[in-house]
Amino acid sequence: MAGGFVGGGEAIAGRAEQYEGKITGYFILACIVGSFGGSLFGYDLGVSSGVTAMDDFLIKFFPEVYARKSAHLHETDYCKYDNQVLTLFTSSLYFAGLVSTFAASHLTRRRGRRATIMVGAVSFFLGGAVNAAAANVAMLIAGRLLLGVGIGFGNQAVPLYLSEIAPYNIRGAVNQLFQLTTCLGILVADVINYFTDKIHPWGWRLSLGLAMGPATAIFVGALFLPETPNSLVEMGRLEEARRVLEKVRGTRKVDAEFEDLREASEAARAVRGTFRSLLAARNRPQLIIGALGIPAFQQLSGMNSILFYSPVIFQSLGFGNSAALYSSIITGSMLVVGALVSMVVVDRLGRRFLFIEAGIQMISSMVVVAVILALKFGHGEELSKGVGTVLVVAICLFVVAYGWSWGPLGWLVPSELFPLEMRSAGQSVVVCVNLFWTAAVAQCFLAAMCHLRWGVFILFAALIVVMSIFVILLLPETKQVPIEEIWMLFDKHWYWKRIVRKDPKYQGHHHHQMAAMPTAAAAAAAKSGSSEV
């Protein structure tokens, strides 16, 4: 498979080594604004979990939960917060995001990634304003729905934006800015909640209203941002795409990359009915791995349950009332550490390595937590210091492993897998599946914990085993492979090649490109092929 030989100039393959470019200020601005989108998402996740535990907030909107909470202040009660309307306050956001991401997909394709990011920011601003001024539960839910629309638009466009604007050899790290800023957003929200909790009776309004800050920053930043070259080519604005590419890469020599974009875009135009083509056999691997498997598993790993649970555990260690805060800040910091580790190693060690290593680490942590809780927890006695320390360490190991695997890769890998013609539609399905499972897990978790108790952790451990096997068998390594050449990995994969080659359109669509297999992708395919069979 000597890939340097290109016949008749018709092959798209193998141009990657001719890509040129350096990191420019323009590119850095794009990264900063793009990743602010993640911080909004994170801020919102963090704020809502903190606000729903604030007494002033509960007294005003959910008096019965408050009554139950104050009755059981000192015991380790698995069922304290099990209230469907309160859970709806949190989940309404995800359901709105889920529906709106399809509108976002249309906008992303027609008007570009940047427009979608701006619409998201406006919606987010309005949601924050409505929530801060809420007088009743209906207003609260309305504000949450607006925030959800903001998230639906943001999460649809930001990962795409970052994946497309990044030079391919650091694409993983750049895309993970999204996860890193999400974690920072959660951490900032935790710290802010700690202080606003002391402001009675309107502290929670401040927490919810501060979301307007980052929303404004994104909108203003987006005014100065370039649209991604991929997107401009998709809209047929070739001259402009070329200019932007030269600006972002800081060099005039962008012919190779520009040609790849143009050909990918022509291939994309030839395909009609994007959501339908998701179902075609040639795109089966992207559908199963990228659009359905990974985003669902990201939520089913049980991360949310750990984040929710840590306050209870820390409280029983005798940390007292600020326990909830400490535990949130500890788990929040662990997520940030995980995201940073991931950014450093993802393009070197690769995606598969991180998934598999973290899987082992998460399974063992979950089992440890389950065993300790089964033996020691819920008998009304306080946990001893030693047992407590083991729990805290196990939880931190779990969170940090998630932080460098399923957390960031759950967004990175799907955004890399799709070919251009389906990238927007595919990302919509990713966001939709992700938010659907987030909402489902959020709605069911409190009830499940109430009934299964420590068994919930065994359940998650079992799910992580399934997830890891899924990755080992089905996901090819995508590090260092240019984004428009990813499909070749499936053509060489021990399992997927049988399926993609069945599609009548597949051979016709791609045969001339297979004439010269690119050295990078060929080597990667040869490697992953031999290691897996």
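In the predicted model, the contact between helices α18 and α20 (helices being DSSP runs of H or I of at least four residues, numbered from the N terminus) brings Arg351, Leu354, Phe355 and Met362 of α18 against Trp406, Leu409, Leu412, Val413 and Glu416 of α20, where contact means heavy atoms within 4.5 Å. By class, seven of these residues are nonpolar, none is polar and two are charged, with Ala, Val, Leu, Ile, Met, Phe, Trp, Tyr, Cys and Pro counted as nonpolar, Asp, Glu, Lys and Arg as charged, and the others, Gly among them, as polar. Helix α18 (residues 351-376) and helix α20 (residues 406-417) pack at an angle of about 150°, their axes lying 11 Å apart; α18 is therefore roughly antiparallel to α20. Axes are lines fitted to C-alpha atoms, for helices over the stretch in contact, and angles between N-to-C directions run from 0 to 180 degrees, those over 145 degrees counting as roughly antiparallel. The crossing of α18 with α20 is left-handed, a term applied if the near helix is turned anticlockwise from the far one by less than a right angle.

Residues are numbered from 1 along each chain as its sequence is written. Because the model is predicted, local features need pLDDT of at least 70 and side-chain atom pairs count only at pLDDT 80 or more, whereas totals for chains, interfaces and linings use all residues, and side-chain values use heavy atoms, with hydrogens and water left out.

Trp406 of α20 also touches Ile294, Phe297, Gln298, Met467 and Val471, among others, when residues up to four places away in sequence are not counted. Together with Phe57 and Ile289, Trp406 has the most contacts inside the largest nonpolar core, which has 126 residues; such a core is a set of buried Ala, Val, Leu, Ile, Met, Phe, Trp, Tyr and Cys residues joined through side-chain atoms within 4.5 Å, buried meaning under 20% relative accessible area with a 1.4 Å probe and protein chains only. Helix α21 (residues 420-452) contributes the largest share of this core, twelve residues.

A second helix pair, α5 (residues 113-132) and α10 (residues 212-224), packs at an angle of about 155°, with axes 8 Å apart, and the two helices are therefore roughly antiparallel to each other. Their crossing is left-handed, and the contact includes Phe124 and Phe125 of α5 and Ile218 and Phe219 of α10. The residues of this contact divide into 13 nonpolar, two polar and one charged.

Methods: Parallel < 35°, antiparallel > 145°, perpendicular 65-115°, else oblique. Buried < 20%, exposed > 50% of the residue type's maximum accessible area, 1.4 Å probe, protein only.
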